[in-house]
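Reader: Hi! I have a new model open and would like to talk it through with you. Could you pull it up so we can start?

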Amino acid sequence: MSTHAKRERLLFADLLETAGPEAPTLCEGWKTRDLAAHVVVRERRPDAAGGILIKQLASRLDRVMEEFTAKPYEELIQLIRTGPPRFSPFSLKQIDEASNTIEFYVHTEDIRRAQPDWSPRELDHVFQDALWSRLERTARLMGRGSPTGLVLRRPDGQTAVAHRGAPVVTVTGEPSELLLFLYGRQQVADVELEGEKEAITRLHETKQLGI
């Protein structure tokens, strides 16, 4: 049975192919070629991928990223489609599903929503529930840098606290949109914000959400 992560992986690869290597993305300073290289390095070079989170490894990550960015674009796409090698923890179905569902969903939207004519995807409720489940587990981590208290709320009223503090801003939307907001894509997320005007402005403009 296909998993959410596998489906999003193939959608991401197809979109990279359609967009071409020089298309803009929501990742500052990155075009589609850079984004493709990032995903491949994350899955296939754990010795360098740690630089995403660990500053001491950042220079190594930069060198490896340069190496992979220089590869033929079609090769990067094929590496994404075929998935991680056997030695990678991402090759395990449970880890792949837990770690890559969000990774590929967010990066797919990074390409789609950087285009001037983008429109929202129609996502089924099963996938929305899956995204909400992951959002609940990661909300505190991804929202730890919020300049305000931050509560995420689904249209049905379910909530998750991403950051404790005052004043509080409540962000309401479908899990897919809340996810983009919490991962630092506030400007393109289809959500409604409730709270003090100044707090909403600070939250919208902060670059401290996400990793």
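Reader: Which residues touch the most other members of the largest nonpolar core?

Author: Happy to help, and keep in mind that this is a predicted model. The residues are L152, V171 and L182, in a core of 29 residues.

Reader: Which elements supply at least two residues each to this core?

Author: On the helical side, helix 6, helix 7, helix 8 and helix 9 (197-205) do, and they are joined by strand 1, strand 2 and strand 3. The top contributor is helix 7, which gives 6 residues.

Reader: Let's zoom in on V171. What is V171 in contact with, leaving aside neighbours within four places in sequence?

Author: V171 meets a run of L150, V151, L152 and R153. Its other contacts are L178, F181, V191, E192, L193 and L203.

Reader: Nice. And what does the second, separate core include?

Author: That one has 21 residues, among them A13, A36, V64 and I111.

Reader: Changing topic to the sheet: what is the strand order?

Author: The order is 2-1-3-4, in an open sheet of 4 strands with mixed pairing. At the edges are strand 2 (159-163) and strand 4 (192-194), each pairing on one side only. From one strand to the next, the twist averages 25 degrees.

Reader: In which sense do strand 1 and strand 2 pair, parallel or antiparallel?

Author: Antiparallel: strand 1 (residues 149-153) and strand 2 are joined over 4 bridges. Within that pair, R153 sits opposite T159 of strand 2.

Reader: Which helix packs on the sheet?

Author: Helix 8 (residues 175-182) does, touching strand 1, strand 2, strand 3 (168-172) and strand 4. The direction of helix 8 makes about 160 degrees with that of strand 1.

Reader: I also spotted T148. Where is T148 found?

Author: T148 lies in the loop between helix 7 (125-142) and strand 1.

Reader: Is T148 buried or exposed?

Author: T148 counts as buried because its relative accessible area is 2%, and the cut-off for buried is under 20%. Not counting residues up to four places away in sequence, T148 touches H163, P167, V169, A199, R202 and L203.

Reader: Last one, helix 6. Where is the kink in helix 6 centred?

Author: The kink is centred on N100 and is about 45 degrees. Helix 6 (residues 93-112) reaches 26 Å from its first C-alpha to its last, close to the 28 Å expected.

Reader: And how many residues of helix 6 are buried?

Author: Of its 20 residues, 15 are buried, so helix 6 is largely enclosed by the rest of the structure.

Terms used. Residues numbered from 1 in each chain as written. Predicted model: local features only at pLDDT ≥ 70, side-chain atom pairs only at ≥ 80, totals over all residues. Heavy atoms only, no water. Pairing = 2+ DSSP bridges. Axes fitted to C-alpha atoms, helices over the stretch in contact; angles between N-to-C directions. Contact = heavy atoms within 4.5 Å. Buried < 20%, exposed > 50% of the residue type's maximum accessible area, 1.4 Å probe, protein only. Expected span 1.5 Å × (residues − 1). Bend = angle between axes of the 7 residues up to and from the residue. Core = buried A, V, L, I, M, F, W, Y, C linked by side-chain atoms within 4.5 Å.
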